[in-house]
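Hi,

Here is the structure I promised to pass on. Have a look at it first, and then read my notes underneath.

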Amino acid sequence: MKIKGLRWWIITLIGIATVINYIDRSAINIMWPYIYKDFGIADADNKNALALITTFFMIAYAIGQTVTGKMMDAIGTKLGMVVSIAGWSISIALHAIAKTISSFSIFRFFLGLSEAGNWPGATKSNAEWFPPKERAIAQGIFGAGASLGSVVSAPVIAMLYLSIGWQGTFAGIAVLGLLWIVPWLIMNKTTPDKHPWITKEEQEHILDNKNEKTKTATETKVYSWWQLLNFKATWSIISSRFFIDPVWWLFVTWLPTFLKEQFHFDIKQVGAFAWFPYLMAAIGGIIGGYYSSRMIKRGVDAVAARKKAITIGSVIMLASLVAIVLMLNQLKEQPAVAIGLISITLFGFQFLIGNIQTLPSDYFNGKNVGVVAGMGGTAAVIGVLITTWMVPVITKTSYNSFFILAALLVPLAWLSLKYFGKKDFNAS
């Protein structure tokens, strides 16, 4: 049996895994403003408690990004993705038996450790299954899964919570990941050079185009973590993700709380409105990937095409965040306008992030891609941890500082990418 376009089936499955990933991780953020009193937490301590739980998740996520990146390179994406999604499905199911903030935090730690593998796994899989000119669109599809997961999670989690309570919600969504493993093992039998279902034309399309990478012959060497840090290309990925990823997580973590405190939304209203920014983000991810891929097909260097897309996304994000800062007082009576501007921000973020996440496979190859992608993910998590603990402090009286912080991070990410990426790929 031969399947035409097998690579698109593979990336679709990864996109679905990412949807499940975000449903699982978003559940607590959506329900938290309405369940924290079940744990004896006072209103004044609500944000600090969520920040603590999120910190356990993000510390594990930081560790997991690098460790699972190494795992993907060692055992391959087929088994590596199975280990990750089975681990996070079990972890989210355990949330249903949490009795205290401590037990919640422990389960969030294991969730973060296993969920982290989805990103280096997807980046490595895209490097295996797609030529350079198609990787950004593939990464955009994968990135759209993160956004679609958030789109789906808001109404689904709200509905489940109202129907079966928070314990039943955690147990129910755990089943999704375990079900995903079945088609993944069936479809992703091996790499494209050996897969029995791939057509000869697609195999040649993937493998012949591997030679298009703009790298030196010495890059076939497998580098250690410390050796990879000698490359400016590595630092361009690490530094840009340190600054830009916290912007996404500010909204993933705190948007339901913001809507409740700023506009007095109940969980039905959060479910009805919180999905739209992530729908726009999904569209941004696909368009951003298509944009750079189209440029590459026209003969533009892959890295140059990614950077141009990153610049466009940065401008979109900065413009919308500045508008929110300038208009926040007026927006208190206009939740639709606030949600619209947040939607533009997340559109811009996904427009650029898929291109940043594709850079490891543009700069490196082989067993270096997953490691560099994981290092970038670890740096991103460190940035998120810092901003997570800033939010309860800077939002005590107003959310204005929240949006100012997000606006400042965007140019810092763009400048760091420009600075470290201005030289050719050379070890220092």
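Below is what turned up, going from the whole chain down to single residues.

One thing to keep in mind: this is a predicted model.

**The whole chain**

The fold is helical, with 15 helices and zero strands. Along the principal axes, the C-alpha atoms fill a box of roughly 60 × 45 × 35 Å. Is the chain compact or extended for its 428 residues? A compact globule of that length would have a radius of gyration near 22 Å, and the chain comes out at 21 Å, so the value agrees with a compact globule. Buried residues account for 59% of the 428. If you take the contacts with a separation of 6 or more, 84% of them join residues 24 or more positions apart.

On the outside, the accessible surface is about 16400 Å², and carbon and sulfur atoms hold 68% of that. As for charge, there are 36 positive side chains and 22 negative ones, with the centres of the two sets 3 Å apart.

**Aromatic pairs**

How many aromatic pairs does a search of the whole structure find? It gives 33. I picked out two of them.

Take Trp8 and Phe130: their ring centres are 4.9 Å apart and the planes meet at 70°, which makes the pair edge-to-face because the angle is over 60 degrees. The pair links distant parts of the chain, 122 residues apart. Trp8 sits in helix 1 (residues 6–35), while Phe130 is in the loop between helix 5 (118–129) and helix 6 (132–187). Trp8 is partly exposed at 30% relative accessible area, whereas Phe130 is buried at 1%.

The other pair is Phe251 with Phe403, where the ring centres are 6.1 Å apart and the planes are at 45°, so this one counts as tilted. Phe251 belongs to helix 9 (residues 232–263) and Phe403 to helix 15 (residues 400–420), so the pair ties together parts of the chain 152 residues apart in sequence. Phe251 is buried, with a relative accessible area of 1%, and Phe403 is buried too, at 1%.

There is also an aromatic cluster made up of Tyr22, Phe57, Tyr61, Trp119, Trp248, Trp249, Tyr278 and Phe349.

**Arg25**

Which members of that cluster does Arg25 meet? Its contacts beyond four places in sequence include Phe57, Tyr61, Trp119 and Trp249. Arg108, Leu111 and Glu115 are also among the residues Arg25 touches. Arg25 lies in helix 1 and, despite being a positive side chain, is buried at 1% relative accessibility, since anything under 20% counts as buried. The C-alpha atoms of Arg25 and Glu115 are 8.5 Å apart in space, with their positions 90 residues apart in sequence.

**Gly370**

Gly370 lies in helix 14 (residues 369–394). Is Gly370 buried or exposed? Its relative accessible area is 0%, so Gly370 is buried. Leaving out residues up to four places away in sequence, Gly370 touches Gly69, Asp73 and Pro120. Measured against Ala62 the picture is one of sequence distance: the two are 308 residues apart in sequence and 14 Å apart in space, C-alpha to C-alpha.

That is the lot for now.

Cheers

Technical notes: Residues are numbered from 1 along each chain as its sequence is written. This is a predicted model: local features need pLDDT of at least 70, side-chain atom pairs count only at pLDDT 80 or more; totals for chains, interfaces and linings use all residues. Side-chain values use heavy atoms; hydrogens and water are left out. Helices (H or I, at least four residues) and strands (E, at least two) are DSSP runs, numbered from the N terminus. The radius of gyration is taken over C-alpha atoms; the globule rule is 2.2 Å times the number of residues to the power 0.38. Buried means under 20% relative accessible area, exposed over 50%, partly exposed in between (1.4 Å probe, protein chains only). Contact means heavy atoms within 4.5 Å. Accessible areas come from the Shrake-Rupley method with a 1.4 Å probe; for residues, only the protein chains shown count as cover. The place of a charge is taken as NZ of Lys, CZ of Arg, CG of Asp or CD of Glu. Rings of Phe, Tyr and Trp (its six-membered ring) pair if their centres lie within 6.5 Å; planes under 30 degrees apart count as stacked, over 60 as edge-to-face and the rest as tilted.
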